[in-house]
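Student: I would like to go through this model with you, one question at a time. Could we reason from the coordinates towards each answer?

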Amino acid sequence: MLGILISISWFLIISFQCGTREEDRTSREEKIKYKQYLIEGKRLYLQHCSNCHQEDGSGLARLYPPIKDSDYLRNNEKNVVCSVKYGQSGEIRVNGIIYNQPMPSNLRLTNLEIAEIMTYIYSTWGGEKIIFTHLEIAQVLDSCEKK
Amino acid sequence: MNFNDPVNSIIILLILAAAGCNTERNNQKLPYLGRKQVNPVQANNTIRYDTLYHTIADFSFVNQDSNTVTNQTFKDKIYVADFFFTTCPTICPIMKAQMLRIYDTYKSNPEVMLLSHTIDPDYDTVALLHDFADRLGVSSDKWQFVTGNKEDIYDIGQNSYMVTTMEDEDVPGGYIHSGAFILVDKDRHIRGLYDGTDEKEVDRLMKDIPRLLKEYEEI
């Protein structure tokens, strides 16, 4: 009887430990994935976006709008995704200033790459430590006006 | 030459010391870039050789305020020239951010001007250049944005400022062009070429501007 109890206890202890290990691993993997997205997102940002929006996301005068501390970023997540892929033209208002410089499209960017860029800019300048997935990006891109 | 001779040794030392001074970059005159032509000139019974330095040709363009801009606009000024277009997605925004640094540094110095030529004059009209300059927050008495006949702009880019400019459908934005900043002195000679997309190169340019200005103080 005692033997059975001990066995059950061991079983419980082991399975509990395994459970925490499993959770640890998932969160660790998530963290690593998040970091990877940030690193890759930064690389892509420097390659495709920083010419105009600057390395520090501050934009340039009244020509190119800022990404850093931008109300547009907070309120227009979908439009940001669409603009990254399909570009944008006409006036947009950012932090009360009207900008009117055409933004070129980046049709070659994959959904994963856009997810990485979004993760980077929102984490770095949007005050949101969130990861965007390629599935979310695909869904948003489907709803863009300019496809 | 006898190295033990004290007079000779002193001369050699002096030469070395002078050479040492010359290697200090800041005391040197900036170079004259481009092709030089040496012309013999007969004066009385002697022959004098005049060096003709590469010179920026005559030009006439229209700026962001619809005013005509010619070489006369830059009389008694040194200026930095470049070539760009407002919708350029690649190197131009970097060049403009760098040019803005120069603008801010020499804002209050009337001897320094900036000249940006659009290489897409069909799209970059006077109104558009006006809006562009306005959005950059710069004024035309310091920074001229000019448009004009396309051939004239390409010609002066290639032959006077020695930078390549051409249309190419295969590159983003549709134009190949150099990101160079060209430093021109008061006599229309090119005294420096810099990569306008490289912050360090532009730092070098901003050190060369006071050196060039100093040459005129000494005269």
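Student: Is B:R188 buried, partly exposed or exposed?
Tutor: This is a predicted model, and the answer is a computed value. B:R188 sits in the loop between β10 and β11 of chain B, and its phi is positive, about 65 degrees, although the residue is not a glycine. Its relative accessible area is 29%, and the range between buried and exposed runs from 20% to 50%, so B:R188 counts as partly exposed.

Student: Chain A also has a residue other than glycine with a positive phi, A:Q54; is A:Q54 buried or exposed?
Tutor: The phi of A:Q54 is near 70 degrees, and the residue lies in the loop between α2 and α3 of chain A. The cut-off for buried is under 20% relative accessible area. Because A:Q54 has a relative accessible area of 17%, it is classed as buried.

Student: What share of chain A counts as buried?
Tutor: Chain A has 6 helices and 2 strands, which follow one another along the sequence in the pattern α-α-α-α-β-β-α-α. Taken over the 147 residues of chain A, the share that counts as buried is 36%.

Student: How far apart in space are A:I97 and A:C82?
Tutor: A:I97 belongs to strand β2 of chain A, residues 97–99, and is partly exposed because its relative accessibility is 33%. In sequence, A:I97 and A:C82 are 15 residues apart. In space, from C-alpha to C-alpha, the separation of A:I97 and A:C82 is 21 Å.

Student: Why does the salt bridge between B:E111 and B:K186 tie together separate parts of chain B, and how many residues apart are they?
Tutor: Side chains of opposite charge can pair when their charged atoms come close. In the pair of B:E111 and B:K186 the N to O distance is 2.5 Å. B:E111 is in the loop between α2 (92–105) and β6 (112–118) of chain B, whereas B:K186 is in the loop between β10 (180–184) and β11 (190–195), so the parts joined by the pair are separated in sequence by 75 residues.

Student: How many salt bridges are found over all chains?
Tutor: The pair of B:E111 and B:K186 is a salt bridge, and B:E111 is partly exposed, with a relative accessible area of 29%. A search of the whole structure, covering all chains, gives a count of 15 salt bridges.

Student: Which residues are linked with B:R191 in a network of salt bridges?
Tutor: The side chains of B:E215 and B:R191 meet in a salt bridge with an N to O distance of 3.0 Å. This pair links distant parts of the chain, since B:E215 is in helix α5 (residues 199–218) and B:R191 in strand β11 of chain B, 24 residues apart. B:E215 and B:R191 are both buried. The residues linked with B:R191 in the network are B:D185 and B:E215.

Student: Where do B:R211 and B:D208 lie in chain B?
Tutor: B:R211 and B:D208 form a salt bridge whose closest N and O atoms are 3.2 Å apart, and both residues are buried. They are 3 residues apart, about one turn of the helix, and the element that holds both is helix α5 of chain B.

Student: Which residues form a nonpolar patch on the surface of chain B with about 330 Å² of accessible area together?
Tutor: One member, B:I47, is found in strand β2 of chain B, residues 46–52. The figure of about 330 Å² is the accessible area of the members together, and these are B:V38, B:I47 and B:Y49.

Student: Which residues lie nearest the centre of the largest pocket?
Tutor: The largest pocket has a volume of about 1000 Å³, and its lining divides into 24 nonpolar, 14 polar and 2 charged residues. Elements of chain A that each supply at least two lining residues include α1 (2–48), β1 (92–94) and α5 (111–125). Of the 40 residues that line the pocket, those nearest its centre are A:H48, A:M103, A:P104, A:S105 and A:N106.

Student: What is the volume of the largest cavity?
Tutor: The count comes to 1 cavity of 30 Å³ or more. Residues that line the largest cavity include A:C52 and A:Y64 from chain A and B:C88 and B:P89 from chain B, and the lining as a whole divides into 6 nonpolar, 3 polar and no charged residues. The volume of the largest cavity is about 50 Å³.

Methods. Residues numbered from 1 in each chain as written. Chains lettered and ligands numbered in written order. Predicted model: local features only at pLDDT ≥ 70, side-chain atom pairs only at ≥ 80, totals over all residues. Heavy atoms only, no water. 1 Å grid on protein atoms, 1.4 Å probe; cavity = no way out; pocket = protein on both sides within 12 Å on 5 of 7 lines; lining within 4 Å. Points joined across faces, edges and corners; volume = space filled by probe spheres on them. Nonpolar A, V, L, I, M, F, W, Y, C, P; charged D, E, K, R; others polar. Helix = DSSP H or I, 4+ residues; strand = E, 2+ residues; numbered from the N terminus. Patch = residues over 30% accessible without salt bridge, like charges linked within 9 Å, V, L, I, M, F, W, Y side chains within 5 Å. Areas by Shrake-Rupley, 256 points an atom, 1.4 Å probe, with all protein chains shown as cover. Salt bridge = Lys/Arg side-chain N within 4 Å of Asp/Glu carboxyl O. Buried < 20%, exposed > 50% of the residue type's maximum accessible area, 1.4 Å probe, protein only.
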